[in-house]
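Subject: Structure for your review

Dear colleague,

Please find below the structure that I am handing over to you. My notes on what was found in it follow directly after.

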Amino acid sequence: MLRNQHHVYTSKSCNCSSSLSLRNDPTALSTALTHSANSKCILLGSQIHAQIIKLGFCNDIFSQNNLIKMYTKCGFLAGGLKVFGEMPMKNLVSWTLVVSGAVQNGEFEMGLGVYLEMIRTGLVPNEFALGCVTKACAALGGKELGLCVHCFALKVGMEKNPFVGSSILNMYAKLGDIEDAERVFECMDNLVVGCWNAMIGGYAQCSYGFESLKIVSLMQYKGISMDAFTFINALKGCLVVGNLNFGRQIHGLIIQSEVGFSTAVMNSLMDMYFKNGGGLYALKVFDRLQDKDIISWNTVFAGLSQGDDAREIGRFFHKLMLTGLKPNCVTFSILFRFCGEALDLVSGLQFHCLAFRFGISDEASVTSSLINMFSKCGAMRMACLVFDSAPFKSIHTCNEMISGYNLNCHNAEALNLFCNLNGLGLEADECTFSSALEACFRTENQKLGRQMHGTIVKSGFASQGYVCSSLLKCYVGFGLLDDSFEFFNGVERLDLVSWGAMISALVHKGYSSEAIGLLNRLKEAGGKPDEFIFGSIFNCCAGIAAYRQTKSVHSLVVKMGYEAHVFVASAVIDAYAKCGDIENARRVFDQTSRFRDVILFNTMVMAYAHHGLVREAVETFEKMKLATLEPSQATFVSVISACSHLGLVEQGDIFFKSMNLDYGMDPSPDNYGCLVDLFSRNGFLEDAKHIIETMPFPPWPAIWRSLLNGCRIHGNKELGEWAAKKLLQLVPENDAAYVLLSKVYSEEGSWSDAAKESSVPNTWKQAHPGCPRTSLPKAIIAFPWGNTRNQSWIYQPLSSPIMLSFKAKQDEQVMVTNVVDSSYKFDLLSAIPSLVWSRLPSYWALQREILLKKDVEAKGRLKLPFEMKNVINNRILTAHVSSGICSRMRFSSLRALLLADFSW
């Protein structure tokens, strides 16, 4: 193929050279060089360069300038600089061409240097030089230098030149200063269509979508003719707004205009439709487009890759190959990343072979996408081979490799590559630091984290949003709360990403009050929380059952217009449900279920399951199927859990089997865990054991605990000992096996065995944060509900934390409480240590926000008896209690509820 191309170019150049040899005409040479530049054919351009030398035009400024233009447009900046350096005489056009060429090839600093050198020679820059320099200032983020260039334009009287004015306006917009861009626009006298286009593009650049569309409406009102760039910038504004209807109106204007079916405009139109959920409209535009270029095909591939239809992408790629067009680097980058998201390694390898065949597998963008695909598919060995064999390693390639290591939990390798960047001659950017900090956080390497912080400050990335977020997450993850707040307060300009990262990190580490306080600080600073911040706050409220805060933040969400956002709505539903207010959770779901999102339905099903409302959970699941929403594995986790707690074994088993039979879905480990819990909790212990032994995953500690807990409930000592042995083989130092096994023995009255088992683990004897030794329970009391004065009760002094149970008859209403001396000051909320709360695998655990009867004195003295009202909550199930009688539940025995440090 290359030989054929060489033959074509040689024949063309020979024909051109033969004609030029008859006419020593610089104009003809210029025409040939222009053709070479437009076709990006540096081979033809080099042959014409040789012809120029042969004909003696080395000192002709016109010919030399055309050579510079040809080399820079072909991407060979070094050749243009060589011609420029050898020129005996240079004019303004020569300098301007070098400045423009450097900027076009991404050498912005070089372009600025040549521009300053040109000014020192005494030449006055023209509008093209100023336009290129403002572009370089915007790319480098040099606002001060941009202001200097603007002042110079004012000084020489070129600020009202349409080209210069548009360039300055565009510079301010790219620097994020839309107010200065508006001032420049308002001060321009001769507003040509290019100035309007720059203002529309500036608004879109700064995420002011409505304002950009207003400018389009104003242009139409004033009768200003719109060109292709007007519509391209207007479609960018539609993307910012995210309104498909606006985009369709712009489509109508395009049809009415003289632009017609311009390929560039149609490509932008398809991109707008795909990103605003109008994929069918985009494909219709694509089908009607006559002159499809490779950008058109890439737009379709990018749009289709947002879904998960690999077959459709393969069909379009087959059509592309039949057209004779050749896929480029962008094509394969899109396809590789799609294969990575779809975990389709087979298709990815086929595309890799094609990329190798077309000779572009070593391109930097393709290499980065390949590493991304192999990493997401878990093929880290192949990713390393691609990285090691890359002829040129850019910082983007290294970033993909570090991210791949993090994704596959190879954190040490990620940090090793980061430390070797200097040896590769590369400088880390914000993405590098963010990925390296993530690896540092996972390895809990505080020393390296602090060193990295110092490097970030020296490199000038300390105020960059994503790097700030990663640093905050790192410090909070290390438990260095003071350091994280010190860094947070020291940042001069905090963006919303940094606020969100700090709040999310605090919530994740359990600092609930600090997270809510930070939300208040954000509001006081005039900031507006986004959907991610609201999601974190609602997760925080759900975790601590903060009902009042949930209602307050919900009102703020409604006020700011986020109630229709799926991510926020699902978090609101979850928070209300975990606070015990299932009615408000249902109300929010009813208001948002019209959006037909699977996450909303999953959240509502889980909420009903937590409250033991299995009928409502199943009804919501059926509504989900009627809405043509395909349930996910999380959906089945919810419904099977609901069946587990209500004893609907057959129904739960049907749901589990329907995953594969009805939806072609392979059950996840969580689904198997729920099925084992369903069988164990309801007495089908042999079935649970069979599932554990035959499932396609190796057993993990939680699934053995479920079986062991079932053995405790139903008194199967032999199977309980076997399950405990398996659990201890996985986690020898975990005390859950000993505690659960001691309960199995205590259920049968084997107190000596129970005491023996409970005294084995040493972890209870260690001082845990939040659980001092003095707060461990000494006794647990249980007695039936009714007249407690005449009722016998059970008391067992505890030398170790054995949880006893009171056996009741079927459907008997039982009340469990504690007996204390009337003079003993008892604080229910502080008496139960956090470690015990987190380690209650038994039937019930009291929620911290429990309401007692009025006979609890203000000073915290507890009089007997007392009633539990409102919500009794455990991590899996919530049951509603009224007047001390547990409703909606049928159970054979109620486990011990209250753990306290009793004084006898």
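Helices here are DSSP runs of H or I with at least four residues, numbered from the N terminus. Please keep in mind throughout that this is a predicted model.

**Salt bridges**

Side chains of opposite charge can pair when their charged atoms come close. How many salt bridges does the structure hold? The total is 14, and three of them are described here.

In one of these, aspartate 653 pairs with lysine 657, and the closest N and O atoms are 3.3 Å apart. Both residues belong to helix α39 (residues 649–663), and because they are four residues apart, about one helical turn separates them. Lysine 657 is partly exposed, at 47% relative accessibility.

Another salt bridge joins arginine 586 to glutamate 583, with 2.7 Å between the closest N and O atoms. These two residues are three apart in helix α35 (residues 582–592), which is about one turn of the helix. Glutamate 583 has a relative accessibility of 44% and so counts as partly exposed.

The side chains of aspartate 177 and lysine 143 also form a salt bridge, at 2.8 Å from N to O. This pair links distant parts of the chain, 34 residues apart: aspartate 177 is in the loop between α10 (162–174) and α11 (178–187), while lysine 143 is in helix α9 (residues 143–156). Aspartate 177 is buried, with a relative accessible area of 11%, whereas lysine 143 is partly exposed at 35%.

**Helix α20**

Helix α20 covers residues 329–342, and its 14 residues should span 20 Å at 1.5 Å a residue; the C-alpha atoms at its ends are 20 Å apart, so the expected and computed spans agree. Is α20 largely enclosed by the rest of the structure, or largely open? Of its 14 residues, 10 are buried, so the helix is largely enclosed. Among the buried residues are Phe332, Phe336 and Phe338, together with Cys329 and Cys339. The buried residues of α20 pack against four helices, namely α18 (294–304), α19 (310–323), α21 (345–357) and α22 (364–376).

Both ends of this helix deserve a look. At the N-terminal end, asparagine 328 acts as a cap, with a side-chain oxygen 3.2 Å from the backbone nitrogen of valine 330. After the helix comes leucine 343, which has a positive phi, near 55 degrees.

**Helix α26 and serine 434**

Helix α26 also has 14 residues, for which a span of 20 Å is expected at 1.5 Å a residue; its end C-alpha atoms are 20 Å apart, which agrees. Its buried residues include Thr432, Phe433, Leu437 and Cys440. Against which helices do the buried residues of α26 pack? They pack against α24 (395–407), α25 (411–419), α27 (446–459) and α28 (465–477). At the start of α26, a side-chain oxygen of aspartate 429 comes within 3.2 Å of the backbone nitrogen of cysteine 431. Glutamate 444 follows the helix and has a positive phi, near 55 degrees.

Serine 434 lies in this helix, which runs from residue 430 to 443. With a relative accessible area of 16%, serine 434 is buried, since buried means under 20%. A polar atom of its side chain lies 2.9 Å from the backbone oxygen of glutamate 430. The side chain of serine 434 also makes a polar contact of 3.4 Å with the side chain of serine 470. Setting aside neighbours within four places in sequence, serine 434 is in contact with Tyr466, Val467 and Ser470.

**Further residues**

Threonine 230 is placed in helix α14 (residues 228–241) and is buried, at 0% relative accessibility. Its side chain is joined to that of aspartate 227 by a polar contact of 2.7 Å. Beyond four places in sequence, threonine 230 is in contact with Val193, Asn197, Ile200 and Met219.

Lysine 214, in helix α13 (residues 209–222), is exposed at 56% relative accessibility. Lysine 214 is 20 residues from alanine 234 in sequence, and their C-alpha atoms are 9.7 Å apart in space.

Finally, Ile42, Leu43 and Phe76 make a nonpolar surface patch of about 220 Å². Leucine 43 of this patch belongs to helix α3 (residues 42–55) and is partly exposed, with a relative accessible area of 31%.

Yours sincerely

Note on methods: Residues numbered from 1 in each chain as written. Predicted model: local features only at pLDDT ≥ 70, side-chain atom pairs only at ≥ 80, totals over all residues. Heavy atoms only, no water. Expected span 1.5 Å × (residues − 1). Buried < 20%, exposed > 50% of the residue type's maximum accessible area, 1.4 Å probe, protein only. Contact = heavy atoms within 4.5 Å. Polar contact = N/O pair within 3.5 Å; in protein donor to acceptor, adjacent residues only side chain to side chain. Patch = residues over 30% accessible without salt bridge, like charges linked within 9 Å, V, L, I, M, F, W, Y side chains within 5 Å. Areas by Shrake-Rupley, 256 points an atom, 1.4 Å probe, with all protein chains shown as cover. Salt bridge = Lys/Arg side-chain N within 4 Å of Asp/Glu carboxyl O.
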